[in-house]
Amino acid sequence: MHWGRTYVSITGKNGEGEEIALTNFHDSRWPGIFMMPGATGLDAPPFELHADDSPNLDGGIFRDARAVSREIMIPIFLHGIDRKTIRELKRKLVSALNPKKGYCVLKFIEGDAVPRYLKCYYKGGMEGSETEDQSGFTWKKFGLQFTAYDPWFYGDDVQVAEWAFGTGEAFLHPTSFFPLHLNVGIVLGSEVVVDNIGDVEAWPRWELTGPIKGFKFTSPDGTSSFGVTADGSGTDIVPAGRVLTIDTRPGFKSLRDNLNTNYWPLLDDSPQLWSLPEGESVCEVDILPGSSNAKVRLIFQPRYEGY
């Protein structure tokens, strides 16, 4: 593949290190690190299939599938102006890739200028070879190997909507959502239209600003829900001045407020923190606010099969 129209970079240390561009072929600055043709593992994620076999039937019966970790290889070329600069380039890259310092973020921007990000861990490829076709006095070639345990690409466009009770703040982000300014009182069975522009399901984060006496969120298919039922005494489950964040993402699932109070034990029986399917769907929101200062905010990040 020709990378001339695609910007690719890598950032180590959990995405907080220096961003190292891999495709600045027309940049006049030297020395440089460049991505070469031959990268693998950057399109569709691999899948694991599950099926049942029967001793009396040919073949098997498909049950389900799941995306598994990606294995990625990126060939790179390091070009220095002397021996010192090539050694500095190697040290810089090795430090950025070190998995003990965190994951790396691969960033891709195609011609449409829409960035996609993939989190992955370096696993090998910079051990080095001094053969004539792999190394010279001012240059080196490596085949960087990574594992992306989360195989999906993510975009910058985090979708946000906010609902205020009474006179609240203006809508925060221009997306397909519309702001809902709700009256103080019980909000039962309010249908919320959500447009997930990604390729697969997305996991929402809900932010509840108190005072809120009770809440319940029900999935688009109506089979999953979670919430805290008001106890009838008028007590605020989320007190005024507190912000409860409900993070449904796998590996993050938690209910904690800005004072780090754990709300998980307060959940109603059999809670299921559900995801948003791709495309347009309708979920149900039930809120019992304590006053006109209460707010509910929905955030999710679309996921994509490739960049």
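# Exercises on a predicted single-chain model

Leaving aside neighbours within four places in sequence, Leu 273 is in contact with Trp 203, Phe 226, Ile 246, Asp 247, Thr 248, Lys 253, Leu 255 and Trp 264. The model is predicted, and the exercises below begin from this residue.

## Exercise 1. The setting of Leu 273

Determine where Leu 273 is located and whether the residue is buried or exposed.

**Solution.**
1. Leu 273 belongs to the loop between strand 18 (254-257) and strand 19.
2. The relative accessible area of Leu 273 is 9%. The cut-off for a buried residue is under 20%, so Leu 273 is buried.
3. One of the contacts of Leu 273 is Thr 248. These two residues are 25 positions apart in sequence, yet their C-alpha atoms are 5.5 Å apart in space.
4. Another contact of Leu 273 is Ile 246, which is taken up next.

## Exercise 2. From Ile 246 to the nonpolar cores

Identify the contacts of Ile 246 beyond four places in sequence, and establish which residues touch the most other members of the largest nonpolar core.

**Solution.**
1. Beyond that sequence window, Ile 246 contacts Pro 204, Arg 205, Trp 206, Leu 208, Phe 215, Phe 217, Phe 226, Ser 254, Leu 255 and Leu 273.
2. The largest nonpolar core holds 30 residues, and those touching the most other members are Trp 206, Leu 208, Phe 215, Phe 217, Ile 246 and Val 296.
3. Two or more residues of this core come from each of strand 11 (159-165), strand 13 (187-196), strand 14 (205-209), strand 15 (212-218), strand 16 (225-228), strand 17 (243-247), strand 19 (279-289) and strand 20 (295-300).
4. Apart from this core lies another, of 29 residues, with Leu 22, Ala 96, Leu 106 and Met 126 among them.
5. In soluble globular proteins, nonpolar side chains tend to be buried together.

## Exercise 3. Backbone features in loops

Find which residues are joined by a cis peptide bond, and state where Lys 13 and Asn 14, both with positive phi, are placed.

**Solution.**
1. Gly 210 and Pro 211 are joined by a cis peptide bond, with omega of about 10°. Pro 211 is in the loop between strand 14 and strand 15.
2. Although not a glycine, Lys 13 has a positive phi of about 55°. Asn 14, also not a glycine, has a positive phi of about 60°.
3. Lys 13 is placed in the loop between strand 1 (7-11) and strand 2 (19-21), and Asn 14 is in the loop between strand 1 and strand 2.
4. Lys 13 is partly exposed at a relative accessible area of 38%, and Asn 14 is partly exposed at 34%.

## Exercise 4. The largest pocket

Describe the volume and lining of the largest pocket.

**Solution.**
1. The volume is about 680 Å³.
2. The lining has 21 residues, and Lys 119, Asp 150, Tyr 154, Phe 252 and Arg 303 lie nearest the centre of the pocket.
3. By class, the lining comprises 13 nonpolar, two polar and six charged residues.
4. Strand 8 (residues 115-124) supplies the largest share of the lining, with four residues.

## Exercise 5. The chain as a whole

State how many helices and strands the chain has, and what share of its residues count as buried.

**Solution.**
1. The chain has one helix and 21 strands.
2. Of its 307 residues, 40% count as buried.
3. Among contacts in the chain with a separation of 6 or more, 69% are between residues 24 or more positions apart.
4. The accessible surface is about 16,200 Å², and carbon and sulfur atoms account for 51% of that area.

Definitions and conventions: Residues are numbered from 1 along each chain as its sequence is written. This is a predicted model: local features need pLDDT of at least 70, side-chain atom pairs count only at pLDDT 80 or more; totals for chains, interfaces and linings use all residues. Side-chain values use heavy atoms; hydrogens and water are left out. On a 1 Å grid over the protein atoms alone, a cavity is a set of points where a 1.4 Å probe fits but cannot get out, and a pocket is an open set with protein on both sides within 12 Å along at least five of seven lines; lining residues have an atom within 4 Å of a point. Grid points are joined across faces, edges and corners, and a volume is the space filled by probe spheres set on the points. Ala, Val, Leu, Ile, Met, Phe, Trp, Tyr, Cys and Pro count as nonpolar, Asp, Glu, Lys and Arg as charged, and the others, Gly among them, as polar. A nonpolar core is a set of buried Ala, Val, Leu, Ile, Met, Phe, Trp, Tyr and Cys residues joined through side-chain atoms within 4.5 Å. Buried means under 20% relative accessible area, exposed over 50%, partly exposed in between (1.4 Å probe, protein chains only). Contact means heavy atoms within 4.5 Å. Accessible areas come from the Shrake-Rupley method with a 1.4 Å probe; for residues, only the protein chains shown count as cover.
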